[in-house]
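Good morning, everyone, and thank you for making the time. I would like to walk through one structure with you, slowly enough that someone who has not seen it before can follow along on the screen.

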Amino acid sequence: MKSAQQAPAATVPPTTPETPTASDAPGADRGGMSRTGFVLLVLIMGALTYSLLQSMLAPALPQIQTEIGASADATSWLMTGYLLCASVTTPILGRLGDMYGKKRLFVFTIGMLAVGSLVCALADSVGLMIIGRVIQGFGGAVFPLSFGIVRDEFPPERRAGAIGLMSAIMGIGGGIGIVVTGPIMDHLSYHWLFWIPMVTCLVTAVASWFLIPDSPVRVKARIHWLGGALMSLGLVGVMLALSKGESWGWGSVNTIGLFVAGFVFLGLWVFAESRAAEPLVDMRVMRLRGVWATNLGGLLVGFSMMAGMLLVPRFLQMPESTGYGFGTTVTVSGLYVLPQAFAMLLIGPMAGVIDKRFGSKLAMVAGCVLMAAGFVFLATLHTSGWHILVAMFVFGIGIGLAMSAMANLIVGAVPVEQTGIATGINTIARTVGMSCASAISTTLLTANPGPGGLPAERGFVLTFVCAAVAAVVALGVTFVVPSRAKPGARPIA
C-alpha cells in the first residue's frame, strides 16, 4: 500500500534519463517506414549543407581574396574562425541535445547555418564575412545531433545503415563541394556560395520542425560550465596553433605558447570533469576502450580524408611546366574528386548490411587498409588521369567504410543518454585531424619548393605518404576496439 502511494500509476518515475513509454522507446518506428524515411531525408539535407559549406570555400579563397581586397592572412580566418567555432560548440550543443531534446537543437543549429550564410552572402568585406563564418561554425553539431535522432527514432535493424549513410555524407558533401565551386565562381560570384546553402538551410529547418519527433530520451542534468569553458579554451589554443603555425612559424613564441596553453587547459578540463557531480563529458565513458580508441582512429582518419581533399585538386592544378602537374582548372580538378564521392555514396547505404554480417570493427579495418592503399598508389603512380581516378575511388571506399564504422562503434559503445556528447567528441577528433592535415601538408609543400617558387613533386609525394602512414596507424588502433559493442548499453553508475 505504501509503494502504491509513492508511485501512483499515472506518475512517471523520476529517473535520471526520462523513461520512455513503450511507444516512445528509442528505436521504435513510431511513424512507420515513411516517417523514418522523411526524418532521414531531413537529416541528410542538414548534414550535406554543412559539408558543402566546409569544402566549397577552400578552392574559392584566392578569388575571394582578390575580389574583396583582403590580405592572405585575413582571408585565412574564413577557415580558421569556422573551425574554431565548430570545435567549441559541437560537443556543447550535442550535450544540450541530450538534455533538452535533439530536435530543438537540430533546428537551432540549422538556423545558425542559415544566419551565417546570409551574413556571408551579403558581405563585401572580409571582417563581415569572418563573422558569418564563425556563426556557420555552430553547424558542426549537425552530425552528433543527427546520430542521436537516428538512435532515438530508428528501429535497431535500420539504425546502423542510417548512421552509416549520415557518416558518409561528410565525405560526399566535401567531394561535391569541391566539384561545384568552380562553376559557381566561373558563372556567378562568391556570394552564391552562401545564397544556395542558405535556402537549403531554411527548407531543412522548417522540414525538421514538422517531421522530426520530439526526443523520447532526455537527461535531467545541468551544464558543467567550468568544464565547457576549459574545454573551449583548450581546443581554441590547439586549433589556432595548428591553423596559424605555418604563417607564424612553428617555432615562434605565439605558436608554442598556444600549444602549451591549449594542452594545459585540456588537462585541467579532464581534471575538472573527473571530479564534477554532473560533468559535461563523462570521463568514465570516454575511458571506455570502444570510445577512446575510436576517437583516436577518428583523428587519424580525419587527417587522411582532408589530405586527399586538399592535395589532389591542388596537385592537378599545378602547371604542366612543373613536370608533374596537369594544369587543370578548378572545375576540372573537382571532377577528379567525383569517384571518391561516388564510392562513399555507394558504401554509405550498405553500412547496415556490413555491420550486421561482419561488424563495424571489421568494416573500419577494411576502410583503413583501402585508405592506405589509395595513398600508396597515388604516391607511386600519379602521371596519368586514370591513376588519380583509381586512387580516389579506392580512397573513397575506404573513407566510406571507416566513417560509417566509427559512428556505429561510438553509438554502440555508449549509454543512450550520452549519444550526443560522445559523437560530438568524435566529430571534434576528426576536425582536429583535418586541421593537422592542413597544417602538415602546407608545411611539407612549403619546405620543398620547386622552380618558380611552386611546390616540388617531392612535397606532394611526402604528404601522400604521411596520409598513408596515418591510415596504417589508424588500422593498428582499430584492433584495440572491442569487436562487438553490447546492445542497449546502460548508464555507468
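**From the surface to the inside**

Let me begin on the outside, where Ile256, Val260, Val264 and Leu268 make a nonpolar surface patch of about 330 Å². One member of that patch, Leu268, is found in helix α10, which covers residues 253–275, and Leu268 counts as partly exposed because its relative accessible area is 40%, in between the limits of 20% and 50%. I should say at once that what you are looking at is a predicted model, and please keep that in mind for each value I mention.

Stepping back to the whole protein, the secondary structure comes to 19 helices and 0 strands. Of the 493 residues in the protein, 58% are buried, while the surface that the protein exposes is about 19600 Å², with carbon and sulfur atoms supplying 70% of it. If we take the contacts with a separation of 6 or more, 81% of them are between residues 24 or more positions apart.

Now to the aromatic rings, of which the structure holds 14 pairs. One of these pairs is formed by Tyr50 and Phe143, which meet edge-to-face, at 6.1 Å centre to centre and with 70° between the planes. Tyr50 lies in helix α2 (residues 32–68) and Phe143 in helix α6 (residues 142–153), so this pair ties together parts of the protein that are 93 residues apart in sequence. Tyr50 and Phe143 are each buried.

A second pair that I would like you to find is Phe315 with Phe460, again described as edge-to-face, with 5.3 Å centre to centre and 80° between the planes. Here Phe315 belongs to helix α12 (residues 289–317) and Phe460 to helix α19 (residues 457–478), so the parts tied together are 145 residues apart in sequence. Both of these phenylalanines, Phe315 and Phe460, are buried. They also belong to a cluster linked by ring pairs, in which we find Phe315, Tyr324, Phe326, Tyr336, Phe375, Phe395, Phe460 and Phe464.

Rings can also be found beside charged groups. The charged end of Arg133 sits over the ring of Tyr82, at 3.9 Å from the ring's centre, and Lys103 lies over the face of Trp209, at 4.8 Å from the ring centre.

Lys103 brings us to the salt bridges, and you may be asking yourselves how many the count comes to. The count is 2 salt bridges. In one of them, the side chains of Lys103 and Asp214 meet at 3.9 Å, N to O. This pair links distant parts of the chain, with Lys103 in helix α4 and Asp214 in the loop between α8 (192–211) and α9 (225–248), 111 residues apart. Are the two partners buried or exposed, or partly so? Lys103 counts as buried because its relative accessibility is 11%, under the limit of 20%, whereas Asp214, at 45% relative accessibility, counts as partly exposed.

The other salt bridge joins Asp152 to Lys102, and the closest N and O atoms there are 2.9 Å apart. Asp152 lies in helix α6 and Lys102 in helix α4 (residues 102–122), so this pair ties together parts that are 50 residues apart in sequence. In this case Asp152 is buried, and Lys102 is buried as well.

Note on methods. Residues are numbered from 1 along each chain as its sequence is written. Side-chain values use heavy atoms; hydrogens and water are left out. Rings of Phe, Tyr and Trp (its six-membered ring) pair if their centres lie within 6.5 Å; planes under 30 degrees apart count as stacked, over 60 as edge-to-face and the rest as tilted. Helices (H or I, at least four residues) and strands (E, at least two) are DSSP runs, numbered from the N terminus. Buried means under 20% relative accessible area, exposed over 50%, partly exposed in between (1.4 Å probe, protein chains only). A charge sits over a ring if NZ of Lys or CZ of Arg is within 6 Å of the ring centre and within 35 degrees of the ring normal. Contact means heavy atoms within 4.5 Å. Accessible areas come from the Shrake-Rupley method with a 1.4 Å probe; for residues, only the protein chains shown count as cover. Patches are made of residues with over 30% relative accessible area and no salt bridge: like charges are joined within 9 Å, nonpolar side chains (Val, Leu, Ile, Met, Phe, Trp, Tyr) within 5 Å. A salt bridge is a side-chain nitrogen of Lys or Arg within 4 Å of a carboxyl oxygen of Asp or Glu.
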